[in-house]
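Please open the model in your viewer and keep the selection tool at hand for a short tour that follows one helix and its surroundings.

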Amino acid sequence: MQKTSARLLSMLSLLQARRDWPGALLAERLDISPRTVRRDVDRLRELGYPIVAFKGPDGGYRLDAGTELPPLLFDDEQAVALAVALQIATTTGAGIEEAAARALNTVRQVMPARLRRRIDTLQVTAVERPAIRPNPQVDSSVLMTLSAAVHACEVLRFDYAPAAPPEGFNDRAGSPPRRVQPHHLVTWGGRWYLVAWDLDREDWRTFRADRITPRTPTGPRFTPRELPGGEVAAFVASRFRGSDGSADWPCRGEVILDLPAAVVSRYAQDGVVEELGPDRCRLVLGSWSWPGLAATIGRFDAAIEVVGPAELRDAFAHLARRYADAARDAPATPTQIP
């Protein structure tokens, strides 16, 4: 039989692995008597672990939620996954960078040497994609408030700051609070958004979390509505593409490129690529505008045949004139482009 301390750790590990453990099965797994199981459960409770007993034919024990977070046990893969997740926490925009660094240091200190070596050799540098504007940080307490309202299906009231508030702006001074039924808290492009049904405007809206100041208390509970399209990912993508909820770009065109499909597909993002031959393919792609779509297709640096629509063909002509003007206005230099 294991020593008491080792046996307690084994029991704790089992209790974390599944929700309910019948007493007889727990005794069998630890190779101890039911009486010893009861004593060990009492010892864990004295150490602060909230273990509750449940009745029934297979009565047993459950590790429940308590008022404080007790020490936890992780297997090797869980510990490595936790360490990696903490290293890339700086890209979440949730304002938890310092806390993540402290948590990573805590986890690393108690890791076995073999795991510590694995973590030390996996040094992750989280580099965010450059953006025109830096991604704003969101107070973690705001995210918790929004998430709690989503989970509880409670009407949320909040002040919503404008994108570029004037100096001395105070939303509470004039504008009434927004009233919404919150449905999802999502991240998109390094920013946090709340997807909700706006009660006053009677329509779906997406709100930037960094511009939200929640008001308390929350409102009454509500029955969740069905999100257009049924999936939050498709709904959010359609909103950011500027469409009316059809999950498609406002401008979509079709061309034939003198490039292999395998090459084009690596850079086509959500475009559709069809192979027409060893060095020829069909590309259907979308964008915010027709000139933007033409410029994106031009980046492939290959012969282009426009299938349609006419707006895309006109956009290529428009860019051709603009580029020709730019070439004429450029000063002559001896530099040659290979």
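## A tour around helix α1

Of the 338 residues in the chain, 32% are buried, meaning under 20% relative accessible area with a 1.4 Å probe and protein chains only, while exposed means over 50%. This is a predicted model, in which local features need pLDDT of at least 70 and side-chain atom pairs count only at pLDDT 80 or more, whereas totals for chains, interfaces and linings use all residues. Residues are numbered from 1 along each chain as its sequence is written, and side-chain values use heavy atoms, with hydrogens and water left out.

Select residues 4-17 to display helix α1, whose 14 residues reach 20 Å from the first C-alpha to the last. Next, colour R7, L8, M11, L12, L14 and L15, the buried residues of α1. They lie on the same side of α1, because they cover an arc of only 160 degrees around the axis, taken from the directions from the helix axis to the C-beta atoms. Turn to the face away from this buried side, and you will find the exposed residues S5 and A17.

Now add β1 (20-22), α2 (23-30), α3 (34-46), β2 (51-54) and β3 (60-63), against which the buried residues of α1 pack.

Finally, keep α1 and α2 alone in view: they pack at an angle of about 130 degrees, with their axes 11 Å apart. To see this contact (heavy atoms within 4.5 Å), show S10, M11, L14 and L15 of α1 together with L26, R29 and L30 of α2.

Methods:
Helices (H or I, at least four residues) and strands (E, at least two) are DSSP runs, numbered from the N terminus. The expected span of a helix is 1.5 Å times one less than its number of residues. Axes are lines fitted to C-alpha atoms, for helices over the stretch in contact, and angles run from 0 to 180 degrees between N-to-C directions.
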